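Let's take a walk through this fold together, with the coordinates open beside you. Have your viewer ready, and rotate as you read.

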Amino acid sequence: MASQVTKDITYEELKDLLGKSQNLLLVDVRSKGEVDNGRIPGSIHIPVETVEAAFGLEAEEFKAKYGVTKPPVDTPELVFHCQIGKRGQTATNTANMLGYVNARNYTGGFKEWSEKEGK
């Protein structure tokens, strides 16, 4: 099987999506301690080591656990992020393996977001 080319998303693209999309699911894959220190508004927290299990859940279970609707596998608006991009890449690859072919990684991560947002 050919290796997956992970699609990345820039700060500007993410900011644009956050502003206009009702369907965007932004997943923060950092640790709870990191998330407690700040997060991108609208993101949900699913630690990187639980991404495979989370996205393997039935839709009802996913909604009950995370409070949001589980996206369809063909959703164009599934974005993962971590602090600087590495765990986001891992999570995106995991989602790709599960059939989420359009999943993207916000490579700048929370570090870039907080710098640009002045938080």
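What follows is a short tour of a predicted model, from the sheet to the helices and then to some single residues.

**The sheet**

Begin with the strands. Five of them make up an open sheet, ordered 1-5-4-2-3, and their pairing is parallel. At the edges sit strand 1 (7-9) and strand 3 (44-45), each of which pairs on one side only. As a reminder, strands of a sheet pair through backbone hydrogen bonds, either parallel or antiparallel.

Now go through some of the pairings. Strand 2 (residues 25-28) runs parallel to strand 3 and is joined to it by two bridges; D28 has H45 as its bridge partner in strand 3. Against the sheet packs helix 5 (residues 86-97), which touches strand 1, strand 4 (78-81) and strand 5 (104-106). The direction of helix 5 makes about 145 degrees with that of strand 4.

Strand 2 also pairs with strand 4, in the parallel sense and over four bridges. Here V27 finds its bridge partner in F80 of strand 4. Strand 4 and strand 5 likewise run parallel, with two bridges between them, and F80 stands opposite N105 in strand 5.

Is strand 4 covered on its faces, or is one side left open? Both faces are covered: L78 and F80 are buried on one side, and V79 and H81 are buried on the other.

**Helix 1 and helix 6**

Turn next to helix 1 (residues 11-20), where Y11, L14 and L17 are buried. Looking down the axis of helix 1, you will see these buried residues fall within an arc of 130 degrees, so they line one face of the helix. The general background is that an α-helix has 3.6 residues a turn, so residues three or four places apart point the same way. On the other side of helix 1, G19 and K20 are exposed. The cover over the buried residues of helix 1 includes strand 1, strand 2, strand 4, strand 5 and helix 6 (109-117).

Helix 6 has a buried set of its own, made up of G109, F110, W113 and S114. Viewed along the axis of helix 6, its buried residues fall within an arc of 145 degrees, so they too line one face of their helix. Helix 1, strand 4 and strand 5 are among the elements that cover them. After helix 6 comes G118, with a positive phi near 65 degrees.

How do the two helices meet, and at what angle do they pack? Helix 1 and helix 6 pack at an angle of about 75 degrees, and their axes are 11 Å apart. That angle makes helix 1 roughly perpendicular to helix 6. To see the contact, select Y11, E12, L14, K15 and L18 in helix 1, which meet E112, W113, K116 and E117 in helix 6.

**Three buried residues**

The table puts three residues side by side, with their location and relative accessible area.

| Residue | Location | Relative accessible area |
|---|---|---|
| S21 | loop between helix 1 and strand 2 | 14% |
| A54 | helix 3 (residues 51-55) | 2% |
| P71 | loop between helix 4 (59-66) and strand 4 | 9% |

Why does S21 count as buried? Its relative accessible area is 14%, and buried means under 20%. The side chain of S21 also makes a polar contact with the side chain of E77, at 2.5 Å.

A54 is buried as well, at 2%. Setting aside residues up to four places away in sequence, A54 touches I46, F62 and Y66. A54 and Y66 are 12 residues apart along the chain, and 9.0 Å separates their C-alpha atoms.

P71 is buried too, with a relative accessible area of 9%. Which residues is P71 in contact with, leaving aside its neighbours within four places in sequence? They are L25, F55, F62, L78 and Y100. F62 is thus a point to pick out in your viewer, since it is touched by A54 and is in contact with P71. For a longer-range pair, try P71 and D28, which are 43 residues apart in sequence and 15 Å apart in space, C-alpha to C-alpha.

How values were computed: Residues are numbered from 1 along each chain as its sequence is written. This is a predicted model: local features need pLDDT of at least 70, side-chain atom pairs count only at pLDDT 80 or more; totals for chains, interfaces and linings use all residues. Side-chain values use heavy atoms; hydrogens and water are left out. Two strands pair if DSSP finds at least two bridges between them. Contact means heavy atoms within 4.5 Å. Axes are lines fitted to C-alpha atoms, for helices over the stretch in contact, and angles run from 0 to 180 degrees between N-to-C directions. Buried means under 20% relative accessible area, exposed over 50%, partly exposed in between (1.4 Å probe, protein chains only). The arc is that of the directions from the helix axis to the C-beta atoms. A polar contact is a pair of N or O atoms within 3.5 Å; within protein, one must be able to donate a hydrogen and the other to accept it, and residues adjacent in sequence count only if both atoms are side-chain atoms. Angles under 35 degrees count as roughly parallel, over 145 as roughly antiparallel, 65 to 115 as roughly perpendicular and the rest as oblique.
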